[in-house]
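Here is a short briefing on helix packing, burial and backbone geometry. Please read it alongside the structure shown below.

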Amino acid sequence: MSTNPSDPLAALGDLPGAADAVDSVRRAVDRVYGHRVMRRRSNEVTSEAALRGARASAALSGADWALEEVRRRTDFGSGEEARTVGAALRLTAEAGQLLSIWRQSPLRVLARLHLVAEGGAAPEDTVGRPRLAGEQVDEPLIDAPLPDAEEVAGRLEGLSRLVIAGSSAPALVMAAVVHGELLALRPFSSANGLVARAAERVVLVGSGLDPKSICPAEVGHAELGRAAYLKAFEGYLSGTPEGLSAWITHCGRAVELGVRESTAVCEALQRGAA
């Protein structure tokens with residue numbers, strides 16, 4: 001895979017359609033932040049967005065539970081699907097605690113996210129660190145060729161340098177690159193999809209695009225469906241401007257659908273129905 005995470009940030013204008021996606025997302029986010037409910041009840045919208053985002057991320061990882069089932073359950077320790085839903089909920093809660101660390105030490109944040117996702121289920125010596133040579137990866141959704149451990153280490157270091165150095169690229173572009181790169185690398189032995197989507201959330205919130213975390217991109221990714229998610233991801237893997245633009249556009253559409261979800265929550269709160 002030829003994609004270098006520094007390349008797509010050099011010149012947004014070289015990515016056909018990406019600028020339109022960035023503008024469309026910005027307008028959508030501004031609209032939901034301008035909703036009158038956000039002036040008084042933003043914490044409720046944030047909490048509901050977190051729940052719905054976690055449910056959606058779990059669905060993409062094979063645990064497609066109804067929202068009300070996720071809302072009412074308290075035991076997420078028995079059964080593979082329950083553990084996946086529990087991991088997604090923990091990650092969503094943890095992401096907001098890591099914003100200040102991300103820009104200084106993104107690898108530390110990724111390690112923490114994996115630790116939280118596993119919740120003690122995986123062997124202790126595999127948790128919170130990139131996989132070693134010969135270690136297997138459990139990631140049923142992504143069937144792309146798996147980079148070897150040496151490539152993973154090098155590209156993670158490159159991604160870390162990129163985040164620490166900062167970029168003038170729009171938040172959507174950076175979030176899409178972080179998400180795509182982590183899916184491509186699958187750096188951990190498990191839970192890579194969940195971690196990648198949580199990292200996307202960290203970037204969107206920490207960048208200031210969605211500071212109250214009310215625009216759950218995970219909802220949009222799930223609504224667009226696994227097939228569309230994987231097709232767009234193939235564009236990222238291609239390393240071409242067209243492919244990368246398709247991935248960024250897909251991520252932008254996911255954010256917009258997350259905005260639509262939270263707008264519906266705002267409307268329900270306004271009517272007194274939620």
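## Helix α8 and the start of the tour

M174 is buried, because its relative accessible area is 11%, under the 20% cut-off. M174 belongs to helix α8. The model is predicted. The points below go helix by helix, then turn to the loops.

**M174 and its distant partner in sequence**

- M174 and E200 are separated by 26 residues in sequence.
- In space, the C-alpha atoms of M174 and E200 lie 8.5 Å apart.
- Helix α8 spans residues 171–185.
- Helix α8 is among the helices that pack against the buried residues of α1.
- Helix α8 also helps to cover the buried residues of α6.

**Helix α1: length and buried side**

- Helix α1 covers residues 18–33, which is 16 residues.
- At 1.5 Å a residue, α1 should span 22 Å. Its end C-alpha atoms are 23 Å apart, which agrees.
- Which residues of α1 are buried? They are A18, A21, V22, S24, V25, A28, V29 and V32.
- These buried residues cover an arc of only 165° around the axis, so they sit on the same side of α1.
- An α-helix has 3.6 residues a turn, so residues three or four places apart point the same way.
- D20 and R31 are exposed, on the face of α1 turned away from its buried side.
- The buried residues of α1 pack against α2 (38–60), α8 (171–185) and α12 (241–271).

**Helix α2 against α10**

- Helix α10 consists of residues 217–224.
- The axes of α2 and α10 are 7 Å apart, and the two helices pack at an angle of about 40°.
- α2 and α10 are therefore oblique to each other.
- Their crossing is left-handed.
- From α2, the contact involves R52, G53, A56, S57 and L60.
- From α10, the residues met are E218, V219, H221 and A222.

**S57 in the α2 contact**

- S57 is placed in helix α2.
- Is S57 buried or exposed? At 5% relative accessibility, S57 counts as buried.
- Leaving out residues up to four places away in sequence, S57 touches L194, R197 and E218.
- E218 belongs to the α10 side of the α2 and α10 contact.
- Helix α9 runs over residues 192–206.

**Helix α6: length, burial and cover**

- Helix α6 is made of residues 106–118, 13 residues in total.
- From first C-alpha to last, α6 reaches 19 Å. That is close to the 18 Å expected at 1.5 Å a residue.
- The buried residues of α6 are P106, V109, L110, A111, L113, H114, V116, A117 and E118.
- What covers these buried residues? The cover includes α4 (80–95), α5 (99–102), α7 (149–165), α8 and α9.
- G119 follows α6 and has a positive phi, near 55°.

**Helix α11 against α12**

- Helix α11 comprises residues 226–238.
- The axes of α11 and α12 come within 6 Å and cross at roughly 140°.
- That angle makes α11 oblique to α12: the roughly antiparallel class begins over 145 degrees.
- The crossing of α11 and α12 is left-handed.
- α11 brings A228, Y229, A232, F233, G235, Y236 and S238 to the contact.
- α12 answers with G243, L244, A246, W247 and H250.
- Helix α12 also packs against the buried residues of α1.

**The loop between α6 and α7**

- G134 is found in the loop between α6 and α7.
- At 67% relative accessibility, G134 counts as exposed.
- G134 and A227 are 93 residues apart in sequence. Their C-alpha atoms are 29 Å apart in space.

**The loop between α8 and α9: positive phi without glycine**

- R186 is in the loop between α8 and α9.
- R186 is not a glycine, yet its phi is positive, about 40°.
- R186 is buried, with a relative accessible area of 3%.
- A191 is also located in the loop between α8 and α9.
- A191 is not a glycine either, and its phi is positive, about 60°.
- At 14% relative accessibility, A191 counts as buried.

Notes
Residues numbered from 1 in each chain as written. Predicted model: local features only at pLDDT ≥ 70, side-chain atom pairs only at ≥ 80, totals over all residues. Heavy atoms only, no water. Helix = DSSP H or I, 4+ residues; strand = E, 2+ residues; numbered from the N terminus. Expected span 1.5 Å × (residues − 1). Buried < 20%, exposed > 50% of the residue type's maximum accessible area, 1.4 Å probe, protein only. Arc of directions from axis to C-beta. Contact = heavy atoms within 4.5 Å. Axes fitted to C-alpha atoms, helices over the stretch in contact; angles between N-to-C directions. Parallel < 35°, antiparallel > 145°, perpendicular 65-115°, else oblique. Left-handed = near helix turned anticlockwise from the far one by under 90°.
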